[in-house]
Amino acid sequence: MRSETMPSRRAVLAGLAAGPALGRGALAQGLPEVAVTKDPSCGCCEKWVTHLRKAGFTVTVTVTEGPVNPLKIRLAVPRELASCHTAQVGGYVVEGHVPAGAIKRLLAERPTGTGLAVPGMPVGSPGMEVDGVELDTYEVTLFGAEGRRTFARYRGGEPA
């Protein structure tokens with residue numbers, strides 16, 4: 001006979017099964033979901049998504065049937081700041097290989113602007129790691145109707 005204070009075998013198994021899911025939720029606690037839109041042939045985008053997930057973000061990915069450019073236009077991403085994928089998080093746009101640390105800072109500080117961009121594909125930026133190649137130093141740009149300014153500088157995936 002089972003004591004009323006001892007959990008049933010079913011309750012113990014359910015708790016064990018829920019543990020990993022609760023752990024993932026705890027990692028993402030306080031961070032809004034990142035919605036990424038990408039071209040079906042883009043491999044570096046998947047690496048960037050992995051970078052965000054490792055940083056604690058929950059990420060959903062939408063693969064377009066055509067180019068991502070119509071979304072970039074709708075979200076007011078300037079052509080010269082465009083990159084290979086576009087994301088939306090916490091009311092902001094994130095264009096290109098923006099490091100997770102810059103996105104977390106954006107969400108914490110909530111500056112006026114449309115979002116952040118890393119134009120092009122700098123070597124060493126999250127998703128663009130290449131063994132044996134010197135890392136690029138690059139700017140993360142805050143852009144919007146108010147103009148543009150450097151939000152952060154990185155060398156590879158680390159602040160410069």
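**Entry 1: disulfides.** I began by counting disulfides in this predicted model, and the count comes to one. C42 is joined to C45, with the two sulfurs 2.4 Å apart. I then looked up the twist of that bond: the torsion about S-S is about 80°, so the disulfide is right-handed.

**Entry 2: the cysteines left out.** Why is C44 not bonded to C42? I found the sulfur of C44 at 3.4 Å from that of C42, its closest cysteine sulfur, which is too far for a bond because a disulfide needs the sulfur atoms within 2.5 Å. C84 is in no disulfide either, and its nearest cysteine sulfur, that of C44, is 3.6 Å away.

**Entry 3: buried or exposed?** I went through the cysteines in turn. C42 has a relative accessible area of 12% and is buried. For C45 the value is 0%, so C45 is buried. C44 is buried at 13%, and C84 is buried at 18%.

**Entry 4: strands 6 and 7.** Next I turned to the strands. Strand 6 covers residues 137–144 and strand 7 covers residues 147–155; they pair antiparallel over eight bridges. I noted one of the partnerships: T137 bridges to R155 in strand 7. The two strands make a hairpin, with two residues between them.

**Entry 5: on to strand 8.** I followed strand 7 to strand 8, residues 158–159, and found two bridges joining them in an antiparallel run. Here Y154 has P159 of strand 8 as its bridge partner. Which residue takes a positive phi in the hairpin of strand 7 and strand 8? I found G156, with phi near 65°, in a hairpin that has two residues between the strands.

Key. Residues are numbered from 1 along each chain as its sequence is written. This is a predicted model: local features need pLDDT of at least 70, side-chain atom pairs count only at pLDDT 80 or more; totals for chains, interfaces and linings use all residues. Side-chain values use heavy atoms; hydrogens and water are left out. Two strands pair if DSSP finds at least two bridges between them. Helices (H or I, at least four residues) and strands (E, at least two) are DSSP runs, numbered from the N terminus. Buried means under 20% relative accessible area, exposed over 50%, partly exposed in between (1.4 Å probe, protein chains only).
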